[in-house]
Amino acid sequence: MAASSVLSSTSNFSEPVTDSLKGRVALVTGGSRGIGKAIALELARNGATVTFTYNSNLAKAEEVAAEIRTMDVECLMAQGDVARKEDARRVVSSTLEQFKRIDILVNNAGITRDHTLRKMTDEEWESAISVNLHGTYYCTTAALPAMTEQKYGRIINIASIVGQTGAFGQANYAASKGGIIAFTKCIALEYARDNITANTVAPGYTGTEMVEAMPADVLEKICAKIPLRRLAKPEEVAKAVLFLARDGDYITGTTINVNGGLLMF
């Protein structure tokens with residue numbers, strides 16, 4: 001199987017700009033590349049004003065911002081490390097200061113620090129938990145007061161199939177993503193009365209730069225286990241986020257799996 005074939009899709013993502021989210025303000029963490037970039041672009045394509053965060057790659061962030069602005073929607077780039085509560089809360093406050101509200105929060109920023117437990121260092125454990133889980137907590141708790149006041153909010157947290165199944169050499173990543181799923185259910189229970197929903201999207205193996213850099217033979221073995229026989233495209237994950245943000249008014253506390261059938265319940 002050629003490497004290109006495991007990334008192929010018959011789907012067409014060259015869709016026109018719509019106004020289905022016009023008037024909504026979205027914050028996407030980790031929005032300068034990969035799945036986060038696809039989410040930021042998809043929400044903007046549907047009319048949302050978008051703030052997205054980036055950590056260090058200004059050039060990549062500027063490319064995303066330029067693409068969003070071609071859609072004739074407002075955009076704010078916000079540099080920050082969501083593992084730092086000061087940065088996470090500043091990003092939310094900057095969004096509120098600029099756009100006066102926050103309707104959609106997508107906690108996407110995440111890292112991997114893979115090692116078996118035998119070899120994993122405390123720093124590798126702590127860094128994955130800090131970015132993936134603590135960052136989700138910091139951004140969410142910063143956004144909730146505004147959402148509560150406006151009686152509207154859509155919180156969408158990006159988990160992972162690994163948070164549902166575990167994975168060899170990814171105890172830190174699995175723990176953080178499993179924690180996000182449990183955390184999201186608590187938000188859903190506590191804030192339903194304020195018209196705030198909270199859900200997770202759990203991607204399987206997705207064709208991001210990190211995954212595509214894997215050896216071709218490894219990719220082939222992975223895709224052979226996936227019923228649909230290919231990786232997800234980042235845009236396909238973004239479509240699930242769009243659905244929850246735009247149409248998921250009566251969906252809360254659940255997880256949408258975007259994994260090609262690799263995990264079925």
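How much space lies in the second largest pocket? About 400 Å³. The model you have open is a predicted one, and this tour comes back to that pocket after the sheet and the largest pocket.

**Stop 1: the annotated span**

Select residues 24-208. The UniProt annotation "domain: Ketoreductase", from an unreviewed entry, covers this stretch. Helix makes up 50% of the span and strand 18%. Mark the C-alpha atoms of its two end residues: they lie 27 Å apart.

**Stop 2: the sheet**

Now select the strands. Seven of them form an open sheet, and the order across it is E3-E2-E1-E4-E5-E6-E7. The pairing is parallel. At the edges are strand E3 (75-79) and strand E7 (255-258), each of which pairs on one side only. From one strand to the next, the twist averages 15°.

For a view of one pair, select residues 104-107, which are strand E4, and residues 153-158, which are strand E5. These two strands run parallel and are joined by four bridges. Show Leu105 as well; opposite this residue, in E5, stands Ile155.

**Stop 3: the largest pocket**

Select Gly110, Ile111, Thr112, Tyr173 and Met210. Of the 41 residues that line the largest pocket, these lie nearest its centre. The volume of the largest pocket is about 1,200 Å³. To see which elements give two or more residues to its lining, colour helix H1 (34-45), strand E2 (49-54), helix H6 (171-191) and helix H7 (209-212). Colouring the lining by residue class gives 17 nonpolar, 17 polar and seven charged residues.

**Stop 4: the second largest pocket**

Move to Gly34, Lys37, Ala38, Pro234 and Glu235. These residues lie nearest the centre of the second largest pocket, which has a lining of 22 residues. Which elements give two or more residues to that lining? They are H1, helix H2 (58-69), H7 and helix H9 (234-247). H1 provides the largest share, six residues. Keep the class colours on: the lining of the second largest pocket has eight nonpolar, four polar and ten charged residues.

**Last view: two helices to keep selected**

Leave H1 and H7 on screen with both pockets shown. H1 and H7 each give two or more residues to the lining of the largest pocket, and each also gives two or more to the lining of the second largest pocket.

Key. Residues are numbered from 1 along each chain as its sequence is written. This is a predicted model: local features need pLDDT of at least 70, side-chain atom pairs count only at pLDDT 80 or more; totals for chains, interfaces and linings use all residues. Side-chain values use heavy atoms; hydrogens and water are left out. On a 1 Å grid over the protein atoms alone, a cavity is a set of points where a 1.4 Å probe fits but cannot get out, and a pocket is an open set with protein on both sides within 12 Å along at least five of seven lines; lining residues have an atom within 4 Å of a point. Grid points are joined across faces, edges and corners, and a volume is the space filled by probe spheres set on the points. Ala, Val, Leu, Ile, Met, Phe, Trp, Tyr, Cys and Pro count as nonpolar, Asp, Glu, Lys and Arg as charged, and the others, Gly among them, as polar. UniProt positions are given in the numbering used here, feature names are shortened, and annotations may be inferred rather than shown by experiment. Two strands pair if DSSP finds at least two bridges between them. Axes are lines fitted to C-alpha atoms, for helices over the stretch in contact, and angles run from 0 to 180 degrees between N-to-C directions.
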